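Hi everyone, thanks for making time. I'd like to walk you through a structure that is new to most of us, so just follow along on the screen.

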Amino acid sequence: MQVSSLNEVKIYSLSCGKSLPEWLSDRKKRALQKKDVDVRRRIELIQDFEMPTVCTTIKVSKDGQYILATGTYKPRVRCYDTYQLSLKFERCLDSEVVTFETLSDDYSKIVFLHNDRYIEFHSQSGFYYKTRIPKFGRDFSYHYPSCDLYFVGASSEVYRLNLEQGRYLNPLQTDAAENNVCDINSVHGLFATGTVEGRVECWDPRTRGRVGLLDCALSSVTVDSEINSLPTISALKFNGALTMAVGTSTGQVLLYDLRSDKPLLVKDHQYGLPIKSVHFQDSLDLILSADSRIIKMWNKNSGKIFTSLEPEHDINDVCLYPNSGMLLTANETPKMGIYYIPVLGPAPRWCSFLDNLTEELEENPESTVYDDYKFVTKKDLENLGLTHLIGSPFLRAYMHGFFMDIRLYHKVKLMVNPFAYEEYRKDKIRQKIEETRAQRVQLKKLPKVNKELALKLIEEEEERQKSTWKKKVKSLPNILTDDRFKVMFENPDFQVDEESEEFRLLNPLVSKISEKRKKKLRLLQQQELHEKEEEEELEGKPSDAESSESSDDEKDWVEEVRKQRRLLQQEEKVKRQERLREDQQTVLKPQFYEIKAGEEFRSFKDSATKQKLLNKTLEDRLKLEAKNGTLSVADITVGSKQLTFTLKRSEQQKQQQEAEKLHRQERKTLRRSAGHLKSRHRRGRPFH
C-alpha cells in the first residue's frame with residue numbers, strides 16, 4: 001500500500017504492488033506469498049480487479065454492491081461483487097464499449113453503447129437484444145419518467161429510443177454539427193447536451209423544445225489561459241436542481257447556476273488536456289475533475305485546491321463510490337486503480353477494515369531514517385568483510401541493503417582501514433586545491449585534434465547561450481557533442497593544415513580571434529601541467545594564477561595579408577631554386593617508348609597531346625570536342641539535353657575527301673560548259 005500526501009490530505013493507493021498471473025495455480029500463489037515479501041504485504045481488496053490490457057469505463061451500481069467495468073482486449077465487461085470481494089461474472093462483447101449505464105439497482109439491466117453504432121441490452125442472464133442508431137454514438141442518458149434513451153454522437157440530431165414502446169421516436173434537432181456528451185437532471189428532468197462548437201443546449205423532454213443555450217467556449221477564455229483551438233464540451237454533470245459543471249477539451253471546468261448565462265467559477269487544469277469526467281462531493285462541497293493525467297479536487301465555492309492525485313498511467317474514467325472516501329479509476333493499464341481518502345468519507349461497508357488500518361498507520365508512523373544506524377549495501381559488507389553477518393540480528397534487511405549499528409560500523413571501519421585519517425587529510429587538501437582552482441580562469445578540456453577549432457566552437461556556443469538568455473532564439477546542435485563529427489576531433493587525418501596556402505591567406509582575416517585562441521590554448525596547457533604537479537604533490541601549495549599576457553595584435557588585416565603573400569612568394573622562389581638545382585645535378589638518360597599494336601607512330605608531339613588529352617577531365621574533353629565540332633549539345637522538349645558525337649577522321653580520309661570534292665567540282669564545270677554549247681546550237685549560233 002502506497003501513501004501520498006498533498007495539503008496534509010493522505011491518499012492510500014490500494015492497487016499498487018505486484019499482481020500474480022491468472023494462470024498460476026493456488027498452490028504456486030501460496031508459495032509465492034511465503035517467499036516474496038512484497039506479494040505478502042500487498043493489499044488485494046478485490047480479487048482479480050483488472051483487465052487483460054486496458055480498462056475504458058468503470059461504474060458502481062445504484063445499490064453499491066456491484067462494480068462494473070469494461071475494457072479490452074478482447075472487448076468485455078466484468079462485474080465484481082463487493083460482498084464477496086471477487087469476480088461475479090465476465091461477458092465478452094462483439095466490439096469495444098464507448099459507455100454503458102445500469103438501468104436497474106443491480107446488474108440485471110445494462111445498456112451498452114458500442115463504437116460500431118450498436119446498442120446492446122443485457123439482462124441478468126446475459127445478452128438480451130441489439131439495435132442500431134443511424135450515426136456513431138458518443139454518449140447517452142436515460143430519462144426515467146418517460147423510459148426514453150437519449151443518444152448523442154456524430155450528428156446534429158439527438159436520437160430517442162423509448163424502451164416502453166420498443167421503437168424510436170422523433171429526434172431532437174440541435175443547432176450543432178455534432179454532440180459529444182449529455183446528461184439529464186434527476187430533479188426536474190432537464191436534458192442538456194454539449195456540442196463541438198463549445199455550447200450547451202438545454203431541452204425540456206415534455207415539450208421537446210429547447211429552453212436554453214450557454215456559450216461555454218467564450219466563457220472559458222480567461223486572461224491567464226492560452227488557447228490554440230476552439231474549446232469543445234468534453235464532460236457534463238448536474239448537481240441538484242440549479243448547479244451544472246461543464247468540462248472543455250482545453251482543460252477548463254466551468255461551474256454554472258442555471259439561472260445565469262455567466263459561469264460562477266472557471267477552473268483551469270493547466271495541462272491543456274480534455275476533461276474526462278466531473279463529479280460532485282457534497283459533504284465537503286468539492287468538485288472532482290479529471291483529465292488523462294491528473295485528478296484535481298477543489299472547493300466549488302472558492303476554487304481552492306483541496307488535493308490532487310496523479311496516477312502513473314493515463315486515466316480513462318473516474319468513479320466516486322457513493323457516500324464514502326473511495327475512488328475508482330480506469331487506466332491505460334491492466335490494473336484498475338483503487339484509492340482511499342479518509343478525509344472525504346469513511347470506507348464502504350464491505351471494506352470497513354480500511355478505517356482501522358489507516359488509523360493504526362497514522363498513530364504509529366514508520367520512520368525510514370535511523371540516526372543510530374548506518375545503511376550499507378551488500379558491496380559495502382564485502383569490503384568490510386561482514387558478509388557472514390547476513391541473516392543475523394546485527395543486520396536488518398531494508399530495500400536493497402541493510403541497517404547496522406553505527407558503533408559497530410565505525411569499529412569495523414577502523415580495523416579494516418587504519419589509515420582512514422590519512423585519507424581524510426588528503427581529501428581535505430584536495431578540496432582546498434579545488435576551491436582555489438575555482439577562482440582561476442576555467443578552461444574546458446579540448447580534444448587532441450583540431451584544438452583551435454574546438455575552442456572556436458565552444459566560444460560560439462557560449463555567445464549563442466548568452467543571446468538565448470536575452471532573446472528567445474532556437475538553439476542549434478553543437479558539433480562537439482554530435483556523434484557524426486566526433487571523428488574530426490579524434491582522427492589526425494582531419495587535422496587542419498595551418499601551413500597550407502589557403503589557410504594562410506584566410507587566416508589574417510581572423511587573426512585577432514586566432515591569437516586569443518592560441519593564448520587560451522597556452523593557458524590550458526600550463527593549467528594541465530600545474531594540475532599534474534598538484535596531483536603528484538597533494539600537500540604542496542597551489543600555484544598562483546597565471547599572469548595576464550600581452551595585449552592583442554593591433555596590426556591591420558591588409559598588412560597581414562600582404563605579409564602572408566610575401567612569405568608565400570619567398571617560399572615559392574626558394575622551392576623553384578631548389579628544383580632548378582636538382583635539375584642541373586641530374587643526368588638525362590634516353591627514354592624508350594613502346595607503341596601499342598594497331599597504332600601508327602607519327603611524332604612525339606602527337607603522343608604528348610594525346611596523353612595530355614587523356615589526363616584532362618571529362619568536362620574539359622567535352623568542351624574541346626564541342627570546339628572542334630565533334631560534339632553538339634541541344635535541349636529537347638522533355639527538359640533534358642541531347643548529345644551528338646561525330647567520329648574524328650584520319651589524315652588519309654581527309655585527303656581522300658578533298659580529292660572527291662575537287663572531282664565533283666570539275667564534273668560540275670564540265671556539265672555547265674556542255675549545256676552552254678547545246679543551247680547555242682539550238683539558237684543557230686556558230687561555234688567559235
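I'll go through salt bridges, then aromatic rings, then one sheet with its helix, and finish with some odd backbone spots. One thing up front: this is a predicted model.

Okay, salt bridges. The count comes to 12, and I've picked a few to show you. Let's start with Asp 94 and Lys 130, where the closest N and O atoms are 2.8 Å apart. What I like here is that the pair links distant parts of the chain, 36 residues apart. Asp 94 sits in the loop between β6 and β7, while Lys 130 belongs to strand β10. So how open are these two? Asp 94 is exposed, because its relative accessibility is 63% and the cut-off for exposed is over 50%. Lys 130 has 27%, so that one is partly exposed.

Keep your eye on Lys 130 for a second, since it has another partner. Which ring does Lys 130 lie over? That would be Tyr 118: Lys 130 is over the face of the ring, at 4.9 Å from the ring centre.

Next salt bridge: Asp 175 with Arg 210, with 2.5 Å between the closest N and O atoms. Asp 175 is in the loop between β14 and β15, and Arg 210 is in strand β18, so this pair ties together parts that are 35 residues apart in sequence. As for accessibility, Asp 175 is exposed at 60%, and Arg 210 is partly exposed at 38%.

Then there's Arg 259 with Asp 257, and here the closest N and O atoms are 2.9 Å apart. Are the two partners buried or exposed? One of each, actually. Arg 259 is exposed, with a relative accessible area of 67%, whereas Asp 257 is buried at 16%. And before we leave charges, there's a little network too: Arg 76, Arg 78 and Glu 90 are joined by salt bridges that share partners.

On to the aromatics. We get 10 aromatic pairs. One of them is Tyr 142 with Tyr 144: the ring centres are 4.6 Å apart and the planes are at 80°, so we call that edge-to-face. Tyr 142 is buried, with 14% relative accessibility, but Tyr 144 is partly exposed, with 43%.

Another edge-to-face pair is Phe 375 and Phe 403, with ring centres 5.5 Å apart and planes at 70°. Phe 375 is in strand β30 and Phe 403 in strand β32, so the pair ties together parts that are 28 residues apart in sequence. Phe 375 counts as partly exposed at 28%, and Phe 403 as buried at 8%. Remember those two, they'll be back in a moment.

There's also a cluster, made of Tyr 66, Phe 89 and Tyr 107. Phe 89 has a charge over its ring as well: the charged end of Arg 91 is there, 4.2 Å from the ring centre.

Now the sheet, and back to our two Phe residues. What is the strand order in this open sheet? It goes β30-β32-β31, three strands with antiparallel pairing. β30 and β31 are the edge strands, each pairing on one side only. On average, neighbouring strands are turned by 35° against each other, ignoring direction. Between β30 and β32 there are 5 bridges, and Phe 375 has Phe 403 as its bridge partner. So the two residues we met as a ring pair are also partners in the sheet. Helix α6 then lies across β30 and β32, running at about 90° to β32.

Last bit: the backbone oddities. As background, most residues other than glycine have a negative phi, and most peptide bonds are trans. With that in mind, look at the loop between β4 and β5, where Tyr 73 sits. The peptide bond from Thr 72 to Tyr 73 is cis, with omega near -10°. Move along to the bond joining Tyr 73 and Lys 74, and that is cis too, with omega about 15°.

For phi, have a look at Glu 8, in the loop between β1 and β2. Glu 8 is not a glycine, yet its phi is positive, about 60°. Asn 323, in the loop between β27 and β28, also has a positive phi of about 60°. Both are out in the open: Glu 8 counts as exposed at 78%, and Asn 323 is exposed with a relative accessible area of 78%.

That's my tour, happy to take questions.

Note on methods
Residues are numbered from 1 along each chain as its sequence is written. This is a predicted model: local features need pLDDT of at least 70, side-chain atom pairs count only at pLDDT 80 or more; totals for chains, interfaces and linings use all residues. Side-chain values use heavy atoms; hydrogens and water are left out. A salt bridge is a side-chain nitrogen of Lys or Arg within 4 Å of a carboxyl oxygen of Asp or Glu. Helices (H or I, at least four residues) and strands (E, at least two) are DSSP runs, numbered from the N terminus. Buried means under 20% relative accessible area, exposed over 50%, partly exposed in between (1.4 Å probe, protein chains only). Rings of Phe, Tyr and Trp (its six-membered ring) pair if their centres lie within 6.5 Å; planes under 30 degrees apart count as stacked, over 60 as edge-to-face and the rest as tilted. A charge sits over a ring if NZ of Lys or CZ of Arg is within 6 Å of the ring centre and within 35 degrees of the ring normal. Two strands pair if DSSP finds at least two bridges between them. Axes are lines fitted to C-alpha atoms, for helices over the stretch in contact, and angles run from 0 to 180 degrees between N-to-C directions. Contact means heavy atoms within 4.5 Å.
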